[in-house]
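Biologist: I am just starting to read protein structures, and I would like a close look at one helix and its end. Please take me through it slowly, and then show me how some other helices pack.

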Amino acid sequence: MDLVLKNIGLLATPVGKTAKKGGEQKQILLAENAFVSVENGKIVYAGQGQPPDAAQVIDCQGRLVTPGLVDAHTHLIFGGWRQKEMARKLAGESYLDILKSGGGILETVRQTRAASEDALYEKGAALLKEMLAHGTTTVECKSGYGLNLPDELKQLRVAKRLAESQAVDLVPTFMGAHAIPAEYKENRAAFIELLCGEIMPAVKAENLAEFCDIFCETAVFTPAESLGILAAAAKHGMVPKAHADEIDPIGGAEMAAAAGCISAEHLIMASDTGIRALAEKNVAACLLPATSFCLDKNYARARDMISAGVAVAVCTDFNPGSSPNLNLQLPMYLSCLKYRLTPAEALTAVTLNAAAAINRSGMVGSIEPGKQADLVVWDAPDLEYIFYRYGSNLVRSVVKKGKLVV
Ligand code: IZC
Ligand code: ZN
């Protein structure tokens with residue numbers, strides 16, 4: 001055996017290769033006094049018994065072990081930061097006010113266009129290392145700060161280089177439909193034509209994205225425009241996703257269901273009809289409580305979604321504007337406090353359900369034979385502890401593909 005983690009006080013993991021909905025979201029495996037054995041980067045056994053000999057042994061000394069965390073919604077690669085917007089927020093301007101005035105996403109677009117590919121790569125690599133140190137072993141990453149052909153490709157090429165060189169698994173999403181750039185302010189139809197007619201074929205030609213996301217929101221893209229753009233993306237082999245009903249209830253959840261999205265994001269203002277549509281069409285909900293926190297807004301109705309049979313995932317939404325926090329432990333805590341998820345439901349939300357939202361649930365998101373050996377050893381005696389002692393990094397060690405990386 002290559003690696004054994006022994007003396008695990010509590011092994012906590014969802015089980016299976018598909019998203020957990022409704023009452024299944026809280027059904028996790030809890031095994032005391034367990035061990036995990038690993039060979040060729042994959043899990044061989046996880047549970048109780050006598051650990052076998054191994055080239056490397058990690059003594060967990062009674063600690064909690066969970067699957068590596070999966071962050072299924074980030075805007076990881078960007079130039080600059082947006083700390084100057086704090087004063088504007090405090091003076092009463094909303095997120096959309098700042099965007100409409102040419103700031104917000106458009107400020108990050110200016111800074112991302114100005115940054116070199118190498119500079120974005122170095123910054124992204126450092127951020128990924130920080131995420132890994134906080135227990136995140138798989139990260140989805142959206143473009144959308146280029147908003148033209150060369151700069152969208154630049155961001156996605158950075159994502160590819162990071163995927164090839166960093167320990168964390170990176171899953172790329174094309175999000176050219178993130179905002180209307182200043183130069184197309186008076187001609188949105190031409191920008192949509194550029195996205196679908198030129199940028200998508202180029203992304204496809206270099207095979208740079210698995211998913212296509214869109215910001216379906218007041219003053220950004222309408223539900224009708226979103227349907228058209230996501231249909232074009234599907235033709236180019238990208239699986240649709242949508243930022244839906246984050247700020248205003250404009251039928252984003254209904255649109256995401258109609259577009260055949262694998263996941264819908266935010267959903268703070270989603271209607272009952274929208275939630276039912278997500279359940280019917282098997283769309284996972286990627287909920288982002290740290291964004292509600294940062295914008296000082298309402299929280300998504302996670303309990304209603306679970307009751308309706310929607311698979312709930314929880315992610316950081318890491319971005320320089322509405323969620324500058326990359327530590328998934330904060331949204332984990334908020335998902336219990338504000339969404340009223342139980343620790344078991346919340347664990348599934350940041351592992352197996354998040355993996356399902358990015359089509360990785362066959363490979364990661366749980367600790368069971370055959371899956372990739374992505375594991376977190378926590379400085380915690382039980383599961384409740386990591387949803388309680390917020391504010392500190394509770395990660396002790398991280399194993400990625402069978403290698404001790406933290
Ligand atoms: O940079 O503000 N919500 N897109 C949609 C974002 C937040 C990222 C940003
Ligand atoms: Zn987002």
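Which residue with a positive phi follows α9, and what is the value of that phi near?

Modeller: Happy to help, and please keep in mind that this is a predicted model. The residue you want is Asn282: it follows α9, and its phi is positive, near 60°.

Now step back into the helix itself. Helix α9 covers residues 272-280, and its buried residues are Gly274, Ile275, Ala277 and Leu278. Imagine looking straight down the axis of α9: these buried residues fall within an arc of 160°, so they line one face of the helix. What does that buried set pack against? The partners are α8 (252-258), β11 (263-266) and α11 (302-308).

Next, the helix pairs. Two packed helices are described by the angle between their axes and the distance between the axes. Start with helix α5 (residues 149-165) and helix α6 (residues 188-205), which pack at an angle of about 30° with their axes 10 Å apart. Angles under 35 degrees count as roughly parallel, and therefore α5 is roughly parallel to α6. The crossing of α5 past α6 is right-handed. On the α5 side, the contact is made by Leu149, Glu152, Leu153 and Leu156, while α6 brings Glu198, Ile199, Ala202 and Val203. Sorted by class, this contact of α5 with α6 has 6 nonpolar, no polar and 2 charged residues.

Helix α6 has another packing partner, helix α7 (residues 223-235), at an angle of about 15° and with the axes 10 Å apart. That angle makes α6 roughly parallel to α7, and their crossing is right-handed. Here α6 uses Arg188, Ile192, Leu195, Cys196 and Met200, and α7 uses Glu225, Ile229, Ala232 and Ala233. By class, the contact of α6 with α7 has 7 nonpolar, no polar and 2 charged residues.

Finally, here is a loop residue to find on your screen. Asp53 sits in the loop between β3 (42-48) and β4 (56-59). Is Asp53 buried or exposed? Its relative accessibility is 72%, so Asp53 counts as exposed. While you are there, look for Val4: along the chain, Asp53 and Val4 are 49 residues apart, and their C-alpha atoms are separated by 7.7 Å.

Definitions and conventions:
Residues numbered from 1 in each chain as written. Chains lettered and ligands numbered in written order. Predicted model: local features only at pLDDT ≥ 70, side-chain atom pairs only at ≥ 80, totals over all residues. Heavy atoms only, no water. Axes fitted to C-alpha atoms, helices over the stretch in contact; angles between N-to-C directions. Helix = DSSP H or I, 4+ residues; strand = E, 2+ residues; numbered from the N terminus. Parallel < 35°, antiparallel > 145°, perpendicular 65-115°, else oblique. Left-handed = near helix turned anticlockwise from the far one by under 90°. Contact = heavy atoms within 4.5 Å. Nonpolar A, V, L, I, M, F, W, Y, C, P; charged D, E, K, R; others polar. Buried < 20%, exposed > 50% of the residue type's maximum accessible area, 1.4 Å probe, protein only. Arc of directions from axis to C-beta.
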